[in-house]
Amino acid sequence: MKPANARILTINGGSSSIKFALFEAGDSLRRILEGGIERIGMPEATLRVKGLNQADNVSRLVTAPDHTVAVGTLMDWIEERLGRNVLTAVGHRVVHGGPKYSKPQRITTEMVEELHRLSPFDPEHLPEEILLTEAFHRRFPDLTQVACFDTAFHHDLPRVARLLPIPRRYEAQGVRRYGFHGLSYAFLMEELARLAGPQAAQGRVILAHLGNGASLAAVRDSKPVDTSMSFTPTAGVPMSTRSGDLDPGMLWYLARTEGLDAKRFNEMVNFQSGLLGVSETSSDMRDLLDRETQDVRAAEAVALFCYQVKKWIGAFAAALGGLETLVFSGGIGENAPEVRARICDGLGFLGIDLKEEENAANEGVISAAASRVTVRVIRTDEEFMIAKTVCRVLGLMIKKEHDDDENKKSV
């Protein structure tokens, strides 16, 4: 039996932000509030909270020189506004589970030690995520914490998709294609089944999670077939500041011509490349779309992004042996009709035919009635998926797997 009014806090830590949401687990999951601390490490760090009650709405500058101070500020706010014992559990998005963790599970001392050992797999995310779990344990030592791994969705990729074409000995060290955005993809597949029926989810599906981080996944019979990100989230399509796939020989070339070492190369491909690197002005797709008629660099950044996503859709259609459903999600995928139109332009040979009016309005289905492929826009919800996963791990059974849209997105 679940406790009355079980409350689940979700934590989604990024390199310069911490997003969170609070859910009440009754007959269904109800979002009570959501927010985040943004621009961690900068003078203008901000705490923002939006809740069902006006008193919960907050937007103020905070001192957050690092994640330790930032999470302390968040926990202070939770205690002050909601009370010390309000939480039943905390669910953490953990970007990389490495070769060991393929399912969500309770966080233990042993797991934290193992995650420290896995940190070289993802030095951009794992150290901060470990820090967040440790900070919650210090403040709330009896509070249950659950790790929800972003790589779990892709764990059972076919072996041919997992293998990397490097010396086989590295596979024994866990070097393989992992894939990311797994919480988003799991949510999208459940939403697809809910909206279009189980048969659609069992078909040949390409999911395009396009945001600051961008990736695609191919799914058939509700099982992952391939994904564009690889050993790290840097691979695949160009992103806001990540390069996506590159010729590995570039490292040796730049080492010889500019004395670039591995650390600086890593910083370049993760923080100075992608849309920012090509445009030289912005990593934000909205800015680039606004500037593209006056700035050829912005236009080329947008064109490169759309072209590369289109290539991956074609490749995944080949891997799937055809295509029945294409889903756009993420900040760009959900809100940029111009980008969706350019990606789909020229894919008529696959059976993709967009309807201009529906696409411009960001409707749920944006394909024409005669289109052989159904093209959908589905708003992803990683926080909801984390909370739902925590309920499953802890046996907090909710009667309705999917709440009504207005409740699920209640704040």
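**The second largest pocket and its surroundings**

The second largest pocket holds about 380 Å³ of space. A pocket here is an open set of points on a 1 Å grid over the protein atoms alone, with protein on both sides within 12 Å along at least five of seven lines; lining residues have an atom within 4 Å of a point. The volume is the space filled by probe spheres set on the points. This is a predicted model: local features need pLDDT of at least 70, side-chain atom pairs count only at pLDDT 80 or more, and totals for chains, interfaces and linings use all residues. Residues are numbered from 1 along each chain as its sequence is written, and side-chain values use heavy atoms, without hydrogens and water.

Which elements give two or more residues to the lining? They are strand S8 (144-149), helix H5 (182-196) and helix H15 (382-394). H5 gives the largest share, six residues. Helices (H or I, at least four residues) and strands (E, at least two) are DSSP runs, numbered from the N terminus.

Now the backbone. His181 lies in the loop between helix H4 (159-162) and H5. Its phi is near 60°, a positive value in a residue other than glycine. Most residues other than glycine have a negative phi. His181 counts as buried because its relative accessible area is 8%, and buried means under 20%, exposed over 50%, partly exposed in between (1.4 Å probe, protein chains only).

Asp221 also has a positive phi, about 55°, although it is not a glycine. Asp221 sits in the loop between strand S10 (214-220) and strand S11 (223-227). With a relative accessible area of 44%, Asp221 is partly exposed.

Note on methods:
1 Å grid on protein atoms, 1.4 Å probe; cavity = no way out; pocket = protein on both sides within 12 Å on 5 of 7 lines; lining within 4 Å.
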